[in-house]
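Please find below my notes on the model you sent. They are set out as numbered points and can be read alongside the coordinates.

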Amino acid sequence: MASAIRIDGKAKAAELSEKIKEETAALAGNHGIKPGLAVVIIGEDPASQVYVRNKKRTADACGFHSIQHSLPADVSQRDVLDLVASLNEDKAIHGILVQLPLPDHLDEHQITQSIAPSKDVDGFHYINIGKLTAGDTADAFVPCTPAGCMLMIEDHLGADLSGLSAVVIGRSNIVGKPMASLLLARNATVTITHSRTKDLPAVVRGADIVVAAVGRPNMVGGDWIKPGAVVIDVGINRVETEVDGETKAKLIGDVNYDEASEVAKAITPVPGGVGPMTITMLMANTLRSAKLAAGLVD
Ligand code: NAD
């Protein structure tokens, strides 16, 4: 019998989206401002197409001005940089997102860093990374996935994590490192682990908070989890499974949910946990950017 609370990311994201919609309507009504989100997608990667479609649909549902630029896979670096430069100048656009990964011939670093920090709603620009790392979380655009994870952690442990130990599995710039910075800013004692960590299960067993962002299906077993821990599973892994003699694809996380939910206090499922929160945080960042541009944030 599972005992952990199942953290419903879908419900939390829906609740947050409602607030964003209300604030967006108020911004339009009181100030005539509509948050503007521009999404740039390059090439035909099917997973990216799905992500971008969902982002546009959510932005439209929030009442944003949302535009999409679809560029061919063989677009030149210069053309991408020119497009970003024009979006940087566009007063109707408050958030710019270039969907990753990019085709191999493009310089991802140069493109990401060409987005104006004030419109960098993905939080990938070095200015925003620097602010976050310096503990200036209120002023930075924080990457959407860890920002969403943090809200779910707060729901279960409060805003001050003093005295609690957090282990982040994975050290990517998109998830692991910013997640660790956010946890540190909330006074948790943070350990970042990765593929070269020795005896990972033993390290994870000491954690009151576990955030797994690896990309290895069911890697974290129930016997890795400290009783009463809060477990956030960022991993999204597509695996093949047999259903009534048919092979079907399904999504699972980095944590063995059934095992871990026997031990944890609260745990996110995959799907329906971190994923829905990520898109909602993108909307939250874009709304905040629009307010900042209008001088409506202290
Ligand atoms: P990444 O490949 O950039 O980083 C993976 C990290 O895992 C690396 O730091 C690596 O050192 C570590 N790692 C690899 N093997 C390991 C092992 N055996 N033990 C411990 N650490 C190991 O990936 P990412 O972009 O950070 O994404 C991680 C996962 O999260 C992926 O499954 C991705 O699809 C998912 N993701 C989900 C969302 C969401 O919205 N839910 C957003 C971003 C990423």
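The points below go through the sheets, the helices on them, the hairpin, the ligand site and some backbone details of this predicted model.

1. Three-stranded sheet. One open sheet has 3 strands in the order S3-S2-S4, and the pairing is parallel. Strand S3 (65–71) and strand S4 (95–98) are its edges; each has a single partner strand, so one side of each is left without a neighbour in the sheet. On average, neighbouring strands here are turned by 15 degrees against each other, with direction ignored.

2. The S2–S4 pairing. Strand S2, residues 36–42, runs parallel to S4 and is joined to it by 4 bridges. For a residue-level check, take Val-39, whose bridge partner in S4 is Leu-97.

3. Helices on the three-stranded sheet. Which strands does helix H3 lie across? Helix H3 (residues 77–89) lies across S2, S3 and S4, and runs at about 170 degrees to S3. Helix H10 (residues 274–293) lies across S2 and S4, with an angle of about 130 degrees to S2.

4. Six-stranded sheet. A further open sheet, of 6 strands, has the order S1-S11-S8-S7-S5-S6, with parallel pairing. Its edge strands are strand S1 (5–6) and strand S6 (189–193), and each of these pairs on one side only. At the S1 edge, 2 bridges join S1 to strand S11 (residues 266–267), and the two run parallel. Arg-6 has Ile-267 as its bridge partner in S11. Helix H6 (residues 144–157) packs on this sheet and touches S1, strand S7 (209–212), strand S8 (230–233) and S11. The direction of H6 makes about 165 degrees with that of S8.

5. Hairpin. Strand S9 (residues 237–243) and strand S10 (residues 246–252) run antiparallel and are joined by 7 bridges. Along this pair, Asn-237 stands opposite Ile-252 in S10, and Val-239 has Lys-250 as its bridge partner. How many residues lie between S9 and S10 in the hairpin? There are 2 residues between them, and Asp-244 in the turn has a positive phi of about 50 degrees.

6. Ligand surroundings. The ligand is surrounded by 20 residues; the closest are Arg-171, Ser-172, Val-234, Ile-236 and Thr-278. Two side chains can be listed with their distances to ligand oxygen. An N or O atom in the side chain of Ser-172 is 2.6 Å from an oxygen atom of the ligand. For the side chain of Thr-278, an N or O atom is 2.8 Å from an oxygen atom of the ligand. With Val-234 the atom concerned is a backbone N or O, which lies 3.5 Å from an oxygen atom of the ligand.

7. Ring interactions. The number of aromatic pairs in the structure is 0. There is, however, a charge over a ring: the charged end of Arg-288 sits over the ring of Phe-141, 5.1 Å from its centre.

8. Cis peptide bonds. Leu-100 and Pro-101 are joined by a cis peptide bond with omega of about 0 degrees. Pro-101 is in the loop between S4 and helix H4 (108–114). Where is Pro-271 placed? Pro-271 is in the loop between S11 and H10, and the peptide bond to this residue from Val-270 is cis, with omega near -5 degrees.

9. Positive phi in a loop. Asn-187 is a residue other than glycine with a positive phi, near 75 degrees. Asn-187 is placed in the loop between helix H7 (176–185) and S6. Please look at this residue together with Asp-244, the hairpin turn residue with a positive phi of about 50 degrees.

Note on methods:
Residues are numbered from 1 along each chain as its sequence is written. This is a predicted model: local features need pLDDT of at least 70, side-chain atom pairs count only at pLDDT 80 or more; totals for chains, interfaces and linings use all residues. Side-chain values use heavy atoms; hydrogens and water are left out. Two strands pair if DSSP finds at least two bridges between them. Axes are lines fitted to C-alpha atoms, for helices over the stretch in contact, and angles run from 0 to 180 degrees between N-to-C directions. Contact means heavy atoms within 4.5 Å. Rings of Phe, Tyr and Trp (its six-membered ring) pair if their centres lie within 6.5 Å; planes under 30 degrees apart count as stacked, over 60 as edge-to-face and the rest as tilted. A charge sits over a ring if NZ of Lys or CZ of Arg is within 6 Å of the ring centre and within 35 degrees of the ring normal. A residue is near a molecule or strand if one of its heavy atoms lies within 4 Å of it. A polar contact is a pair of N or O atoms within 3.5 Å; within protein, one must be able to donate a hydrogen and the other to accept it, and residues adjacent in sequence count only if both atoms are side-chain atoms.
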